[in-house]
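Me: Hi! Could you walk me through this structure before I get back to the bench?

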Amino acid sequence: ENVNINFLLGSKIAIMGKSGIGKSTLLDILMGLHVENNCKIKINDITIDQDNIHSYYNNLSHMPQNVFIMDETINENISLSNDKKINYKKILEIGKKLEMDTFIKNLEDGYNSYIGENGINISGGQRQRIGLARAMYKDSKIIFFDESTNSLDNQTENKIINYILDLPKDVTIFFATHKKNFLSKFDFIIEIKNKNLKMIDLKKDKK
């Protein structure tokens, strides 16, 4: 309620709060899914509205809690395109950084393996890595992560968090989580409590 927050381009922002507190709702608002309900988003003083919302969507990626997996190959699930348009080299590079090779090398056709409807042939953690790779593949300027690493073990999670936070300086990251063990790595923390937001500037504290 009565929220007014500003971010600089390239900020890495963690959104913290208990389960059900409204982290996903805040992400939906920031993604422009509630622009008609008295919520305004501005980028460089330009208001996001029905006329330019699709341009905004083209510049963002979203990694939800529950990753949608098609009954297609891993390559197609990451790129969301057909064979002729896939950048295979890019997928391999992202896969290595997300440590996907550890399970893909055991599949008969590697990245060309079919993983079944809703990823029935792979684990929850493996589905999350495909979702993360999908978000990275698009080269978006704004990326929203919603509890995106909660199915990974702590060691792998920390490596992937470091990779996400090491993305180019002009990429803005919003990372919703209920965990506290890696929050100090972000620039800012938004804590949600009683419908209010508390902004914590970690960049200022690190100086």
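Reply: Happy to; we can start with the overall picture and then look at a pocket and some single residues.

Reply: This is a predicted model, in which local features need pLDDT of at least 70, side-chain atom pairs count only at pLDDT 80 or more, and totals for chains, interfaces and linings use all residues. Residues are numbered from 1 along each chain as its sequence is written, and side-chain values use heavy atoms, with hydrogens and water left out.

Me: Great. How many helices and strands are in the protein?

Reply: The protein has eight helices and eight strands. These are DSSP runs numbered from the N terminus, with helices being H or I of at least four residues and strands being E of at least two.

Me: And what is the radius of gyration of the protein?

Reply: The radius of gyration is 18 Å, which agrees with the value near 17 Å for a compact globule of 207 residues. That radius is taken over C-alpha atoms, and the globule rule is 2.2 Å times the number of residues to the power 0.38. The C-alpha trace spans about 55 × 40 × 30 Å along its principal axes.

Me: What percentage of the residues is buried?

Reply: Buried residues are 45% of the 207. Buried means under 20% relative accessible area, exposed means over 50%, and partly exposed is in between (1.4 Å probe, protein chains only).

Me: Switching to pockets: what volume does the largest pocket have?

Reply: Its volume is about 1,400 Å³. Of the 37 residues lining the largest pocket, the closest to its centre are Ile5, Phe7, Leu30, Lys40 and Ile41. On a 1 Å grid over the protein atoms alone, a pocket is an open set of points where a 1.4 Å probe fits, with protein on both sides within 12 Å along at least five of seven lines, and lining residues have an atom within 4 Å of a point. Points are joined across faces, edges and corners, and the volume is the space filled by probe spheres set on them.

Me: Which element gives the largest share of that lining?

Reply: H1 does, with four residues.

Me: OK, isoleucine 15. Buried or exposed?

Reply: Isoleucine 15 is buried, with a relative accessible area of 0%. It sits in strand E1 (residues 12-16). Beyond its neighbours within four places in sequence, its contacts (heavy atoms within 4.5 Å) include Leu26, Leu30, Phe174 and Ile190. The C-alpha atoms of isoleucine 15 and lysine 198 are separated by 9.9 Å, although the two residues are 183 apart along the chain.

Me: Where does tyrosine 114 lie?

Reply: Tyrosine 114 is in the loop between helix H5 (101-104) and helix H6 (124-137). This tyrosine 114 counts as exposed, at 53% relative accessibility. Leaving aside neighbours within four places in sequence, tyrosine 114 is in contact with Asp71, Glu72, Thr73 and Asn121.

Me: Last topic, backbone angles. What is the phi of aspartate 45?

Reply: Aspartate 45 has a positive phi of about 70 degrees although it is not a glycine. Most residues other than glycine have a negative phi. Aspartate 45 lies in the loop between E2 and strand E3 (46-47), and it is exposed at 72% relative accessibility.

Me: What about the phi of glutamate 147?

Reply: Glutamate 147 also has a positive phi, of about 50 degrees. Glutamate 147 is in the loop between E5 and H7, and it is buried, with a relative accessible area of 7%.
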